[in-house]
Amino acid sequence: MRAFAYLFAALSALSDRMAGEDPERGDVPGWVMVTVMTAALVLAILAVFQTAIVTAVQNALNSVTGAGG
């Protein structure tokens, strides 16, 4: 009887996985939306503050490499 229970559990898990009802699969369209919205936000911030960001990064790199004096 125990073997039947194990077999039934294995077949049930397999059928759930084949049907696409895997709870570990996640929400793919949600993650795509989050990724696209993040990229849009980064581009919007970069468009507004591009000169300030470039200057800050150049100053940081110059202070680390010693090229700034």
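**View 1. The whole chain, with nothing tucked away.** Buried residues account for 0% of the 69 residues in this protein. Bear in mind that the model is predicted. The fold comes down to 2 helices and 0 strands. About 6,300 Å² of the protein is exposed, and carbon and sulfur atoms supply 70% of that area.

**View 2. Helix H2 and its kink.** Helix H2 covers residues 28–65, and it doesn't run straight: a kink of about 85° is centred on Phe49. The end-to-end numbers are worth a look too. With 38 residues, a straight helix would reach 56 Å at 1.5 Å a residue, yet the end C-alpha atoms of H2 are only 42 Å apart.

**View 3. A nonpolar patch on the surface.** Here we zoom in on Leu41, Leu43, Ile45, Leu46, Val48, Phe49, Ile53, Val57 and Leu61, which together form a nonpolar surface patch with about 840 Å² of accessible area. Phe49, where the kink in H2 is centred, is one of the patch members.

**View 4. Leu43 up close.** Leu43 sits in helix H2 and belongs to the nonpolar patch. Its relative accessible area is 56%, so Leu43 counts as exposed, the cut-off being over 50%.

**View 5. Just past the end of H2.** Right after the helix comes Gly66, whose phi is positive, at about 85°.

Note on methods. Residues numbered from 1 in each chain as written. Predicted model: local features only at pLDDT ≥ 70, side-chain atom pairs only at ≥ 80, totals over all residues. Heavy atoms only, no water. Patch = residues over 30% accessible without salt bridge, like charges linked within 9 Å, V, L, I, M, F, W, Y side chains within 5 Å. Areas by Shrake-Rupley, 256 points an atom, 1.4 Å probe, with all protein chains shown as cover. Salt bridge = Lys/Arg side-chain N within 4 Å of Asp/Glu carboxyl O. Helix = DSSP H or I, 4+ residues; strand = E, 2+ residues; numbered from the N terminus. Buried < 20%, exposed > 50% of the residue type's maximum accessible area, 1.4 Å probe, protein only. Expected span 1.5 Å × (residues − 1). Bend = angle between axes of the 7 residues up to and from the residue.
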